[in-house]
Amino acid sequence: MKWPVVPPALLLSLSLAALGTSSTDPGVRGRWVLQGPVHLGDPVVLESSLPVSSPEFFLEGDLVPGADWGPGRVVSLTKTPPPSFPGDLRLAVTVQVFATGTVEFPAARIAIRDRSGLHDRVLSPPPLRLEPLLPAGAAPRPPQAGPLPLPRATPWMWILLGAAALALGAAAMAAGLKKARARAASPPPKPTLREMDPPLWARREVERVFGAHMEPGARYETLSMVLRTLLEWRYGLPFLEWTGHEVRAGLLTLPDLPSEAGRAYAAVLELCDQVLYARHLPDPREDEAARSAALRALSLTPPKAPEGTREAA
């Protein structure tokens, strides 16, 4: 079977019809749309037109919003189709320029793809003259404001101001006297159990921390504070500031503290340190042993002699 021979010219025309034609016009120029002098940072618009043959077209090229274009940056690209096809597509490219003097923009590629193929254009805008924001050598100066006019004072104004000042002073004095009377009339606050009877306060606090639902860390931190506070009040030594080693050493130096009480204090405070610093979690038996040892140590601690008795001795 023989295949028909297709002439080369017909084959070329069919190929172009299938792929679409492409043309390039490097001489398309634009026209700057200006409104008065153009200064640094002002947006300016470049208008141009490109032929398009059908409503179904796509615009390609370098001028997209946000792209750098020579000394400026493209802000927007507006397309206005022709009223009928074929016709000229109007383009409006808004550019913000960041240079002064006579600036020139490099040629930018614009391509339109429609039914007839791809049409490349090279947009070459004319040079643009940009003025600086300020004249050469000048510096911005804020406008000078004149002095504010002073109101004319009349005798009645001074009288009213004086009366207002006296009224405010009298009100402040009355409020101060009222507060002073209230403080004098209110009874002094009653002393707390910790101030009146520290040993009884310590025993009740031990019972409270073991009877309440508390986390181990909070329970043993409170227990350590209660025992150290009682020892500091009883012997006048800084038990609240001492480390665990210093507390255990200090318990050995107390002459009137029974040895059994000293051992009980040391054991309970050592367990408190293990819970607070070594993350030890005591079981219920250890909790009960600590409670009993703390109450036993408090009961064996000799009472504090009155101030007058110690001075006489």
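Colleague: Let's start at the hairpin formed by β5 and β6: which residue in the turn has a positive phi?
Modeller: Keep in mind that this is a predicted model. β5 and β6 make a hairpin with 2 residues between them. The strands run antiparallel and are joined by 2 bridges. In the turn, the residue with a positive phi, about 60°, is G70.

Colleague: And which residue stands opposite W69 in β6?
Modeller: β6 covers residues 72-80 and runs antiparallel to β5. β5 itself is 68-69. Across from D68 sits R73. For W69, the residue standing opposite in β6 is G72.

Colleague: D68 and R73 caught my eye, so how far apart are their closest N and O atoms?
Modeller: Side chains of opposite charge can pair when their charged atoms come close. D68 and R73 already stand opposite each other across the two strands. Their side chains also form a salt bridge, with the closest N and O atoms at a separation of 3.0 Å.

Colleague: Is D68 buried or exposed?
Modeller: Its partner R73 has 43% relative accessibility, so R73 counts as partly exposed. D68 has a relative accessible area of 58%. The cut-off here is over 50%, so D68 is exposed.

Colleague: Moving along, what is the bridge partner of T80 in β7?
Modeller: β7 takes in residues 87-97 and pairs with β6 in the antiparallel sense over 8 bridges. Those two strands form a hairpin with 6 residues between them. T80 has as its bridge partner in β7 R90.

Colleague: Zooming out to the open sheet, which are the edge strands?
Modeller: The sheet has 5 strands with antiparallel pairing, in the order β2-β3-β7-β6-β5. An edge strand here pairs on one side only. That description fits β2 (31-33) and β5 (68-69).

Colleague: On to the helices: which residue just after α5 takes a positive phi?
Modeller: α5 runs over residues 216-235, 20 residues in total. From its first C-alpha to its last it reaches 28 Å, close to the 28 Å expected at 1.5 Å a residue. Just after α5, the residue with a positive phi of about 70° is G236.

Colleague: E207 forms a salt bridge too, so how many residues apart are E207 and R291?
Modeller: The closest N and O atoms of E207 and R291 are 3.2 Å apart. The pair links distant parts of the chain: E207 belongs to helix α4 (residues 198-211) and R291 to helix α8 (residues 284-300), a separation of 84 residues.

Colleague: What about R285, which residue does its side chain meet in a salt bridge?
Modeller: R285 has 70% relative accessibility, so R285 counts as exposed. The partner has 29% and counts as partly exposed. The N to O distance is 3.9 Å, and the residue on the other end is D283.

Colleague: Which residues do shared salt-bridge partners join into one network?
Modeller: The whole structure has 8 salt bridges. One of them pairs E207 with R291, and E207 is partly exposed at 39% relative accessibility. Bridges that share partners build one network out of E207, E288 and R291.

Colleague: Last one: which residues make the nonpolar surface patch of about 340 Å²?
Modeller: W158, one of its members, lies in helix α2 (residues 155-185). At 56% relative accessibility, W158 counts as exposed. The full patch is made by M157, W158 and L161.

Definitions and conventions. Residues numbered from 1 in each chain as written. Predicted model: local features only at pLDDT ≥ 70, side-chain atom pairs only at ≥ 80, totals over all residues. Heavy atoms only, no water. Pairing = 2+ DSSP bridges. Helix = DSSP H or I, 4+ residues; strand = E, 2+ residues; numbered from the N terminus. Expected span 1.5 Å × (residues − 1). Salt bridge = Lys/Arg side-chain N within 4 Å of Asp/Glu carboxyl O. Buried < 20%, exposed > 50% of the residue type's maximum accessible area, 1.4 Å probe, protein only. Patch = residues over 30% accessible without salt bridge, like charges linked within 9 Å, V, L, I, M, F, W, Y side chains within 5 Å. Areas by Shrake-Rupley, 256 points an atom, 1.4 Å probe, with all protein chains shown as cover.
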